[in-house]
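The exercises below are meant to be worked through with the sequence and the 3D view side by side. Try each task before reading the solution that follows it.

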Amino acid sequence: VCGAPPTGPIETTSCDYETVESVNVDLFANLKELVRLPFFKYFQVDLYRECPFWEVPGSCKDIQCAITTVDESEVPERWRAAALSRIDPSSVDKKHQLPGCYYRDSDFCFLDDNTEGDYFDLSLVPERFTGYAGTSANNVWKAIYQENCFGLSEFNLLASKSSAPVSLPEDMTGALREDGQEPDEQCLEKRVYYKVISGLHASISTHICHEYFNQSTGEWYPNLPCFIQRVASHPERLRYIYFNTVLLLRAVARISPYLSAYDYCSTGTHEEDSETLSRLNNIIDIAKVAGKFDETVLFRGENANMVKEEFKVHFRNVTRIMDCIGCDKCRLWGKVQTTGLATALKILFELDEKALNPHTNANLLQRAEVVALFNTLYRFSESLDAVEEFRRLWKDRDTDS
Ligand code: FAD
């Protein structure tokens, strides 16, 4: 059956599929409104940083790949680059600076240093079919899956730059298998890593198929065969969309005192400010019910710190691989979502209860991390909503025939 709702517990979480299904209508409705509000819709990013790994052939010329920027004057003043470049004085982590970006020891991603880059209004840029495909897109996915090779610390993707994606020896475990199946399992952390990536891939594919463009008729429509081929015929891919949703919800629930104390105000009208808080509180309430990911079972045992460091290095590499995407719109959403997932991973695995205290650690997250976290959750919730529509289309197809 096409995308039949999975049932029972979601692997490596203490939540079940039914719980996620039962909250998603409400979750999606609240997120949809939240991400249209000023605090959450403006995202500053350098989209045109050089790919550090290989030469990227010419960018996607399709009109659907193009993207427009927002003039800085439209962005509420306190979120402009000048204000943001005041460096977080409370950060205890060492900051590692690279041209145009940096990471702190606790980060799972590279963050822009806000000195370059444009502003984008995310609410005006749907994630949908752009026509970006072929070798360039496939190479990016391949490089992302190859980051799933743990236990190979001598392999440092960042050190290499050639005209082709780095190639790994044939027998290397962890890279994507030819049949797209999950790699042989080695450890829980590696499995989680794979689920995060494969779930992101499945969610992006769901959006592409849900808002598919027929180039001959100029029509946008939900393309059921596309969804079946890319997602539904691989039930584990669908399950990983749920998995990512639970992981993101758990991060929101865990950091909820910090999020409730965060200053979202004075970024729009009084009505917009109070709507921001009320939508956010609704989402936090839902997250407390459905965000049942148990982060304490990961990174235990004698090599815990080493495995975690490796996990971080690999995920940071994934965020830099986004600079190799040859389509502006895809690159923007790729950067938002890898930053959002990296933020969730940081909240779950790097921060202890003391660090989460909004009074003693007010600058815990950059604004970009908060914006990315909620926009990423929105994209996953939207995918689950799209899956519902595909199920209806499949049923109608059954009754028609
Ligand atoms: P691909 O999706 O490129 O997949 C390549 C191979 O990976 C498949 O053959 C399969 O073996 C395996 N695979 C596929 N899905 C999974 C999964 N979930 N888990 C494990 N393995 C899997 N295109 C757009 O039109 N709009 C976008 O917004 C967009 N955003 C993108 C963002 C990123 C970060 C990237 C890397 C690409 C994006 N693309 C986008 C391109 C899109 O994802 C596809 O690459 C493109 O549509 C070509 O699809 P494909 O059928 O060749 O398979």
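**Exercise 1. A sheet and its pairings**

Which residue is the bridge partner of Cys101 in strand 4? Find this residue, and then work out how the strands around it are arranged.

Solution. The model is a predicted one, and in it the bridge partner of Cys101 is Asp112, which belongs to strand 4. Next, look at the two strands that this pair connects: strand 3, made of residues 101-104, runs antiparallel to strand 4, and the two are joined by 2 bridges. On the way from strand 3 to strand 4 the chain forms a hairpin through 6 residues.

Now turn to strand 2, which pairs with strand 3 over 4 bridges, again in the antiparallel sense. One position to look up in this pairing is Gln97, which stands opposite Tyr102 of strand 3. The hairpin of strand 2 and strand 3 has 2 residues between the strands, and Gly100 in this hairpin takes a positive phi near 80°.

Putting the pairings together gives an open sheet of 3 strands in the order 2-3-4, with antiparallel pairing. Its edges are strand 2 (95-98) and strand 4 (111-112), each of which pairs on one side only.

**Exercise 2. Two faces of one strand**

Which residues of strand 3 are on its covered face, and which are on its uncovered face?

Solution. Begin with the general rule that side chains in a regular strand alternate between the two faces of the sheet. Then apply the rule to strand 3, where Cys101 and Tyr103 make up the covered face, while Tyr102 and Arg104 make up the uncovered one.

**Exercise 3. The sides of a helix**

Which residues of helix 9 are buried, and which residues on its other side are exposed?

Solution. First, set out the helix itself: helix 9 covers residues 270-290, and its 21 residues reach 31 Å from the first C-alpha to the last, close to the 30 Å expected at 1.5 Å a residue. Second, list its buried residues, which are Thr276, Arg279, Leu280, Ile283, Ile286, Ala287 and Ala290. Seen down the axis of helix 9, these buried residues fall within an arc of 125°, so they line one face of the helix. A general rule helps in reading such a pattern: an α-helix has 3.6 residues a turn, so residues three or four places apart point the same way.

Third, look at the other side of helix 9, where His270, Glu271 and Ser274 are exposed. Last, ask what lies over the buried residues of helix 9: the cover includes helix 1 (17-34), helix 2 (38-41), helix 7 (235-254) and helix 8 (256-261).

For practice, repeat the second step on helix 6 (residues 224-232), whose buried residues are Leu224, Phe227, Val231 and Ala232. Seen down the axis of helix 6, they fall within an arc of 65°, so they too line one face of the helix.

**Exercise 4. Two helices in contact**

At what angle do helix 5 and helix 7 pack, and how far apart are their axes?

Solution. The angle between helix 5 and helix 7 is about 105°, and their axes are 8 Å apart. That angle makes helix 5 roughly perpendicular to helix 7. The residues in contact include Gly199, Ala202 and Ser203 from helix 5, with Leu238, Ile241 and Phe243 among those from helix 7.

Helix 5 (188-210) has another role to note, since what covers the buried residues of helix 4 includes helix 5 and also helix 10 (304-321). In helix 4 the buried residues are Asn139, Val140, Ala143, Ile144, Tyr145 and Gln146.

**Exercise 5. Two loop residues**

Is Phe299 buried or exposed, and where does Phe299 lie?

Solution. Phe299 lies in the loop between helix 9 and helix 10. Counting its surroundings gives 20 C-beta neighbours inside 10 Å, and therefore Phe299 counts as buried. Its phi is near 55°, a positive value in a residue other than glycine.

For a second loop residue, take Pro126, whose place is between strand 5 (118-121) and helix 4. Pro126 has 15 other C-beta atoms within 10 Å, so this residue is partly exposed. Finally, follow the chain to His207, which is 81 residues apart from Pro126 in sequence, although their C-alpha atoms are separated by 8.9 Å.

Definitions and conventions:
Residues are numbered from 1 along each chain as its sequence is written. This is a predicted model: local features need pLDDT of at least 70, side-chain atom pairs count only at pLDDT 80 or more; totals for chains, interfaces and linings use all residues. Two strands pair if DSSP finds at least two bridges between them. A residue is buried if 20 or more other C-beta atoms lie within 10 Å of its own, exposed if 12 or fewer, and partly exposed in between; C-beta atoms are placed from the backbone. Two residues are in contact if their C-beta atoms, placed from the backbone, lie within 7 Å. The expected span of a helix is 1.5 Å times one less than its number of residues. The arc is that of the directions from the helix axis to the C-beta atoms. Axes are lines fitted to C-alpha atoms, for helices over the stretch in contact, and angles run from 0 to 180 degrees between N-to-C directions. Angles under 35 degrees count as roughly parallel, over 145 as roughly antiparallel, 65 to 115 as roughly perpendicular and the rest as oblique.
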